[in-house]
Amino acid sequence: MDTNKYSVPSAETGVTTLLGKVFKDGLNQSELAAAYDDVSKDYDKVLFKSEYVAHKTAAESLAKLIKPDERPQKTILDIGAGTGLVAEELTKIGFKIIDALEPSSGMLEKAREKGLYRKYICEAIGTEPLNIPSGSYDIVTVVGGHTKNHIKSEALEEMIRLVNAGGIICIVSRMEGFYQFEEYKDSFFPLCDKLEKDGKWQKIECSECPFWKTVPGLKFLYRVC
């Protein structure tokens, strides 16, 4: 991995190795899932040691929008669920109905061990519709999924399809990715604006936020129309 182009949160060997595996040039979806299978055993330990906080950023953002007494009834799809870090934070603040969508079977197995999700769906989101009915969820979370080799910009339309009218999409990812990674730098922001212009969703917030403590992120909150 070219660390002059992509920031690493620390010089600690574990996180440098992990990011090197999943940011390797040219990985397809199967190869990326295999890379995550390979790092799944130590994933949580490595991220916490490197002061990863994006999962907390997402939960805190939703807590500001959803009243405590409404949280237990809200249905959530956690896209790119990984080992369940987002679900851990969401359950702490009262959300109870959360499904995991994660293409790595190794990561999903670690999430299953925590027992926080209602469903464990081993698939990746893309431009083709998932086998999930439209409007199935009140909230979609995507934390860390918009980065090199990962979710394409065009998958935003499928995310919108999965959320009912009035529901929320919460995206948190490293800031530099939206400006440097080929997957996003010329497509993500224009597509966000087009979807709003077309009446598909309405922006609540787009702002800088912590991703790792030493690497800034961006958070996007949209309400589906």
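**Notebook: a look around the core and one helix pair**

I started at I169 in this predicted model. Leaving aside residues up to four places away in sequence, I found that I169 touches V140, M159, I160, V163, W201, F220, L221, Y222 and V224.

Next I looked up where I169 belongs. I169 is among the residues with the most contacts inside the largest nonpolar core, along with I79, I125, L156 and M159. That core has 75 residues. I reminded myself that nonpolar side chains tend to be buried together in soluble globular proteins.

Then I stepped back to the whole chain. I counted nine helices and seven strands. Of the 225 residues, 52% count as buried. The C-alpha trace spans about 45 × 40 × 30 Å along its principal axes. I also checked the radius of gyration: the chain has 16 Å, which agrees with the value near 17 Å for a compact globule of 225 residues. For contacts between residues at least 6 apart in sequence, I noted that 68% join residues at least 24 apart.

Last, I picked one helix pair. How do α4 and α5 cross? I saw that the axes of α4 (residues 54-65) and α5 (residues 85-92) come within 8 Å and cross at roughly 35 degrees. The crossing of α4 past α5 is right-handed. On the α4 side the contact is made by H55, K56, A59 and L62, and on the α5 side by L85, V86, E89 and L90. I sorted the residues of this contact into five nonpolar, one polar and two charged.

How values were computed:
Residues numbered from 1 in each chain as written. Predicted model: local features only at pLDDT ≥ 70, side-chain atom pairs only at ≥ 80, totals over all residues. Heavy atoms only, no water. Axes fitted to C-alpha atoms, helices over the stretch in contact; angles between N-to-C directions. Helix = DSSP H or I, 4+ residues; strand = E, 2+ residues; numbered from the N terminus. Left-handed = near helix turned anticlockwise from the far one by under 90°. Contact = heavy atoms within 4.5 Å. Nonpolar A, V, L, I, M, F, W, Y, C, P; charged D, E, K, R; others polar. Core = buried A, V, L, I, M, F, W, Y, C linked by side-chain atoms within 4.5 Å. Buried < 20%, exposed > 50% of the residue type's maximum accessible area, 1.4 Å probe, protein only. Rg over C-alpha atoms; globule rule 2.2 N^0.38 Å.
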